[in-house]
Amino acid sequence: MDYRVIKENDLFILTDTNGNIPEQHPYGLGLYTKDTRFLSKLDVKINGEELILLHSDAAENYMATILMTNPHMERNGELILWRESVEIKRTRFIYNDVFYESLTVKNYYPKSVNIDLSVHMDVDFADMFIVRGFQNGEIGKRTGQTVDGESFTFHYEGADNLARRTYVEWDKDAFSIDGEKGEVFFQFNLDHEEEQTVTFKIQPQHGNEKTVNILSASDALEKLKESYNSWNNSITKVKTDWLPLQRLIDRGLGDLRVLLTDLGYGKFPVAGLPWFGVPFGRDSLIAALQMLAFQPEVAKGTLYTMASKQGTKVDPWRDEQPGKIMHEIRYGELATTEQIPFTPYYGTIDATPLFLILLTEYVKWTGDLKVVEDLKVNIEAALTWIDQYGDRDGDMFVEYHQEASKGIANQGWKDSGDSIVHRNGDYATTPIALSEVQGYVYQAKMGVASIYDKLGDLERAAVLREESTKLKIKFDEEFWMDDVNFYAIALDKNKQQVGTITSNPGHILFSEMLEEDKANAVIETLVSPKMFSGFGIRTMGTGEAGYNPMSYHDGSIWPHDNSMVLLGMSKIQKQGAANVVMEGLIEAAAHFEYDRLPELFCGYDKSVGKAVKYPVACSPQAWAAGTPLVFIQTILGLFPDALEKKIVLSPLLPNGMNELDVEKVKIGEGFLSLSVQKNAEGILELTIIENTTGFDIVQN
């Protein structure tokens, strides 16, 4: 990872490994919030010269420490500063929408030294879409800088008439301040092994926001650590003797905490850093689904957040329809002036049924029917959207077609332009009905029917079950391909099968919509050499016309894609196949920095020797971070049903694991703690350590 990123709530900073923000960089480095860059330049110099990097660590996403030193400095044969005499430690974090950076300067030269340390900043207030080169448009203008004591402020007036400012303050007397250039100069007079610190606080501001109550760095850091302690105390604890998996779990939980954001409806995971730190329909919903066994409250926050932005009208500019769950929302200048349709944008075919799936799974884990009561209007609106707008032609299949001129053409999770391709290499034309979306719809309606049964709405429940049954029959008739013993990825606008072998039908296993023989056939293909690389299930099978192991969606490996398949395999008790896939992904993770599963990686066969990284994968990324959490649920075969007051368990430890302890899984109004061990004879022993749920345990 050749960048460094830290985030807290809605603010993140993206720098190079030195901790700097060069003015020209292909990654668009900067300090961002609300899709606007509030710092476009940041560097630190010693006596006017660049620092030398010693160590840069990105293991922590909420706090970073970067060690640097000085170059050798002489002028006209006179020594100014011997090389590596001074250590400069950059310590940074974010709290309460303020970026803190402390520069600690320590002298290791045998005698005292006098040095100048300078910090250089600038702001372009650029919209993220412009930074990334996706769009251009009418924008506002810089309106100067103001200096006030030990602080200065950059000003901008947007084309949306919203004032934006970057406020910067520091806590050490500066001997020179140039507000026009954004430069601050400090003198450090240090004896041997003496150190001094200057701390910067940088706060993005919008509209009428004022600079008030910015905490000291020590107080802010203490509160930040308290929030992490609170998070760690609230989540399920996992301990295993299989250290590669333990590292993955710990990394995934840490990454997910960083990606949590609260827009006023409860915490939910944004999609990923650096470019998708925003509410994202399918990504946020799937990541919350992955987290249910560890922190179900995140699902609740995700549901309320998505419901708050549910579509209310027909608006082709944004691909919006009543009841539809959004794809993505943006807050930058191009969005607020409606030069792009992301306010929010609704071009996603799967977020609406996934919203209902997350709701029903959340209820199964928690028994929280108040959420159903609160969101009843949203639930019915989503069901209506599926039937009236999702099914465009009344054939029972939910299809997508881009209406927005600046929208997305392919609107499933494989949303690149080349992802839906026929066996002969032709790209499918819309409207397109994706296989996994039909499974989502089936699962959503069956799940809501179970809830309505519990609430006494038997008539509505019966209607939903009847619709689901009809969909199941027709799906099998239209999508099954006898010649390859597998399901098509999609039907195109002519209702012709898009017959390329892909991972998409694997998602349907979780819905339990497939008959046993067809489910077995799907699994057999997914773990065959055509689809399984040894490191994970590919998005597309080798030998297919569109196959490309370096592609974004046509042969690469996405951990979250695998996780959706794993949930289905485990749910229908195909644990052996699930373990094969998990073992591959766990081995792959060891080839990536910090034992972190990336958003995706290339689909080359394991015989190449190591997992090959995809060049621009997001890291950390929510549903990749959530994938190891699914491993634990899959290994345990853990599927609670608070409506029936039962907990299904069917544990099977993968190769390499002999012990798994899981503590304080929140189910219903209680907790489940258990241990699975493999004895000397290789026989599994399940021990229930605690069960305060009041639910029956059914072991398969």
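User: In this predicted model, what makes the four strands β1, β2, β3 and β4 an open sheet, and which strands stand at its edges?

Analyst: The 4 strands follow one another in the order β1-β2-β3-β4, with antiparallel pairing. At the edges stand β1 (4-8) and β4 (36-39), and each of them has a single partner strand, so one side of each is left without a neighbour in the sheet. From one strand to the next, the twist averages 25°.

User: How do you know that β2 and β3 count as a pair?

Analyst: Two strands pair if at least two bridges are found between them, and strand β2 (residues 11-15) and strand β3 (residues 30-33) are joined in the antiparallel sense over 4 bridges, so the requirement of at least two is satisfied. To find one of these bridges in the structure, begin at Leu 11, whose bridge partner in β3 is Thr 33.

User: What is the order of the strands in the sheet of 8 strands, and why is one side of β7 and of β14 left without a neighbour?

Analyst: This open sheet runs in the order β7-β8-β11-β12-β19-β16-β15-β14, and its pairing is antiparallel. Because β7 (52-56) and β14 (141-147) stand at the edges with a single partner strand each, one side of each has no neighbour in the sheet. The twist here averages 20° from one strand to the next. The partner strand β8 (residues 63-69) pairs with β7 in the antiparallel sense over 4 bridges, and Ser 56 stands opposite Ile 66 in β8.

User: Which helix packs on that sheet, and which strands does it touch?

Analyst: Helix α2 (residues 217-234) packs on the sheet and touches β8, β11 (86-95), β12 (98-107) and β19 (195-206), while its direction makes about 55° with that of β11.

User: Why are α3 and α16 called oblique to each other?

Analyst: The axes of helix α3 (residues 243-259) and helix α16 (residues 627-636) come within 8 Å and cross at roughly 125°. Angles of 65 to 115 degrees count as roughly perpendicular and those over 145 as roughly antiparallel, so an angle that falls between these ranges counts as oblique. The two helices, α3 and α16, are therefore oblique to each other.

User: Which residues make the contact, and what kinds of residue are they?

Analyst: From α3 come Leu 245, Leu 248, Ile 249, Leu 253 and Leu 256, and from α16 come Pro 628, Leu 629, Phe 631, Ile 632 and Ile 635. Sorted by kind, the residues of the contact of α3 with α16 are 10 nonpolar, no polar and no charged.

User: What is the volume of the largest pocket, and which residues lie nearest its centre?

Analyst: The largest pocket has a volume of about 1300 Å³. Its lining is made of 49 residues, and Phe 276, Tyr 552, Glu 599, Val 616 and Cys 618 lie nearest the centre. The lining divides into 28 nonpolar, 10 polar and 11 charged residues, and α1 (128-131) and α4 (281-290) each supply at least two of the lining residues.

User: What lines the second largest pocket, and which element gives the most to that lining?

Analyst: The second largest pocket, with a volume of about 540 Å³, is lined by 25 residues, of which Lys 364, Ser 450, Glu 512, Lys 571 and Asp 641 are the closest to its centre. The elements that each supply at least two lining residues include α7 (351-366), α13 (559-571) and β28 (639-641), but α10 gives the most, with 7 residues. By kind, this lining divides into 6 nonpolar, 9 polar and 10 charged residues.

Notes
Residues numbered from 1 in each chain as written. Predicted model: local features only at pLDDT ≥ 70, side-chain atom pairs only at ≥ 80, totals over all residues. Heavy atoms only, no water. 1 Å grid on protein atoms, 1.4 Å probe; cavity = no way out; pocket = protein on both sides within 12 Å on 5 of 7 lines; lining within 4 Å. Points joined across faces, edges and corners; volume = space filled by probe spheres on them. Nonpolar A, V, L, I, M, F, W, Y, C, P; charged D, E, K, R; others polar. Axes fitted to C-alpha atoms, helices over the stretch in contact; angles between N-to-C directions. Parallel < 35°, antiparallel > 145°, perpendicular 65-115°, else oblique. Contact = heavy atoms within 4.5 Å.
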